[in-house]
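Visitor: I am new to this structure and should like a close look at a single part of it, the nonpolar core. Please set that part within the chain as a whole.

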Amino acid sequence: MTATARRGLKRRGGLLAGLLAALLALPAPARANDVSPFEKLLGRWVGEGRLGVRNGDTERVKCRVTYLHPNAEEPLQQTIRCAAASGSIEVRSWVTHEAGKLTGTWEELERKWKGDIAGAVTPRGFKVAVQGENLRANMDIIVLGAKQVIEIQFIESSLIGLTLILEKG
């Protein structure tokens, strides 16, 4: 190999080494699990469902659900407002996420029920338990594209459950 050819290889090798060093110095691209699990919820959702009342009938409800998440340092704010022939239900919750775990607070305003949230992110959404002095409930949220299903099962209360099928918009 000639001296000129060796210098060309060294120069290319130096360029490649420099390029590799520059690429290694770049921040790693965000992975899908680095994105907040709340992103898919944000905005307004509307739809209908069923509200089960203990010692009563199951009623059809029309609902609006909103999710606000001003920034990563603040909790997600969820508001569920539903109207039925016999009245309404309004739930507000504030939820934080860390390493797949969910914590926060939950309240039903019409009945003045309050509790703490503990749960987890699931492959299709969220699963939480709500525990308070006058409230025990389980809530599942499943998100499939522009559709969302919310199911709340009340334990030992005047309500049995609330099931909603919602669309974004």
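Guide:
**The nonpolar core in its chain**

The chain has a mean pLDDT of 84 (the predictor's confidence in each residue, from 0 to 100), and 80% of its residues reach 70 or more. This is a predicted model, in which local features need pLDDT of at least 70 and side-chain atom pairs count only at pLDDT 80 or more, while totals for chains, interfaces and linings use all residues. Residues are numbered from 1 along each chain as its sequence is written, and side-chain values use heavy atoms, leaving out hydrogens and water.

The chain contains 1 helix and 10 strands (DSSP runs numbered from the N terminus: helices are H or I of at least four residues, strands E of at least two). From the N terminus, the helix precedes the strands. Of the 169 residues, 32% are buried, that is, under 20% relative accessible area with a 1.4 Å probe, protein chains only.

The largest nonpolar core has 34 residues; such a core is a set of buried Ala, Val, Leu, Ile, Met, Phe, Trp, Tyr and Cys residues joined through side-chain atoms within 4.5 Å. Strand β8 (residues 135-144) supplies the largest share of this core, 5 residues. The residues with the most contacts inside the core are Trp-106, Ile-150, Ile-152, Phe-154 and Leu-164, where contact means heavy atoms within 4.5 Å. Beyond its neighbours within four places in sequence, Trp-106 is in contact with residues including Val-91, Trp-113, Ile-117, Val-130, Leu-135, Met-139, Ile-152 and Phe-154. In soluble globular proteins, nonpolar side chains tend to be buried together.

Definitions and conventions: Buried means under 20% relative accessible area, exposed over 50%, partly exposed in between (1.4 Å probe, protein chains only).
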